[in-house]
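Colleague: Hello! Please pick out one part of this model and take me through it in detail, with the cut-offs behind your terms.

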Amino acid sequence: MKNYDMKAYQKKLKHEMDDGRYQHTLGVMYTCAALAMRYEYDIQKAQMAGLLHDCAKCIPNGKKLKLCEKHNIQMTETERRNPFLLHAKLGAFLAMDQYGITDKEIISAILNHTTGKPNMSLLDKIVYVADYIEPKRNKAENLPEVRKLAFIDINQALYRILSDTLKYLDKGSSEIDEMTVKAYEYYREKQEGLAENAQLE
Ligand code: DGI
Ligand code: FE
Ligand code: FE
């Protein structure tokens, strides 16, 4: 495992972000570390993924679209209409291009941190969950429960977040990305299957 100069990465990111986003970033970084301890994942790698997950977040939406076009990053119609979603794909690209990250697991975790996807890796799950529960988050009603669940069973926490995110998006007028639905359906089947098996035993 490569030894990352975390300080240098933090300094660069601080310049690319407003203070609120930077504080969120640090929160995600430390929450990723805590989850890595719980689930026996490489702590430094988890911190690195958490630190970089929103590296493209503060780029204006018009520029996000332009950068994706320039670098041949494929966009869905939903992403074109909702360019904020692109900060995940663009972030994965910038992590490689600007931050010199070559680790595929880190890149995947950045790429999938907003919508999730079916069959996520442990690091994908750690970053997705940490992004939702980090200490500065305060909007979602279910946070105390999900924070606890994250350290008991990360798959249950993931499913709960996916399902509550879809409920939240359904209530508003937000357009839902196909990948968000696919991720939800995959984990619904998985979690419901597990619950049924537990009843049979
Ligand atoms: O970048 P952050 O704000 O830290 O977090 P994020 O990248 O997970 O983005 C969070 C927002 O993305 C949250 O309000 C839910 C929203 N989101 C997730 N999936 C979809 C979505 N928004 C839309 N419109 N469509 C989706 O499919
Ligand atoms: Fe994000
Ligand atoms: Fe985030």
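**From a charged helix to the iron pair**

Modeller: E192 sits in helix α11, residues 178-200 (a DSSP run of H or I, at least four residues; numbered from the N terminus). This is a predicted model, with pLDDT of at least 70 needed for local features and 80 or more for side-chain atom pairs, while totals use all residues. Numbering starts from 1 along each chain, ligands are numbered from 1 as written, and side-chain values use heavy atoms.

E192 has 43% relative accessibility, so it counts as partly exposed (between buried, under 20%, and exposed, over 50%; 1.4 Å probe). Together with E185, E189 and E196, E192 forms a negative surface patch (over 30% accessible, no salt bridge, like charges within 9 Å).

Now to the metals. The iron ion (ligand 2) takes its protein donors from D54 (OD), H87 (NE2) and H113 (NE2), which lie 2.1 Å from it (donors are N, O and S atoms within 2.8 Å). Because H87 belongs to helix α6 (residues 87-97) and H113 to the loop between α7 (104-111) and α8 (122-133), this pair ties together parts 26 residues apart in sequence. H87 is buried at 3% relative accessible area, and H113 is buried at 3% too.

D54 also coordinates the iron ion (ligand 3), and the two ions are 3.6 Å apart. The protein donors of ligand 3 are H24 (NE2), H53 (NE2), D54 (OD) and D131 (OD), at 2.2 to 2.3 Å. H53 lies in the loop between α3 (43-52) and α4 (61-70) and D131 in helix α8, so this pair ties together parts 78 residues apart in sequence. H53 and D131 are both buried.

Conventions
Patches are made of residues with over 30% relative accessible area and no salt bridge: like charges are joined within 9 Å, nonpolar side chains (Val, Leu, Ile, Met, Phe, Trp, Tyr) within 5 Å. Accessible areas come from the Shrake-Rupley method with a 1.4 Å probe; for residues, only the protein chains shown count as cover. A salt bridge is a side-chain nitrogen of Lys or Arg within 4 Å of a carboxyl oxygen of Asp or Glu. Lys and Arg count as positive and Asp and Glu as negative; His and the chain ends are not counted. The place of a charge is taken as NZ of Lys, CZ of Arg, CG of Asp or CD of Glu. Helices (H or I, at least four residues) and strands (E, at least two) are DSSP runs, numbered from the N terminus. Donors are N, O and S atoms within 2.8 Å of the metal (3.2 Å for Na, K and Ca); water is not among the atoms, so sites may look incomplete.
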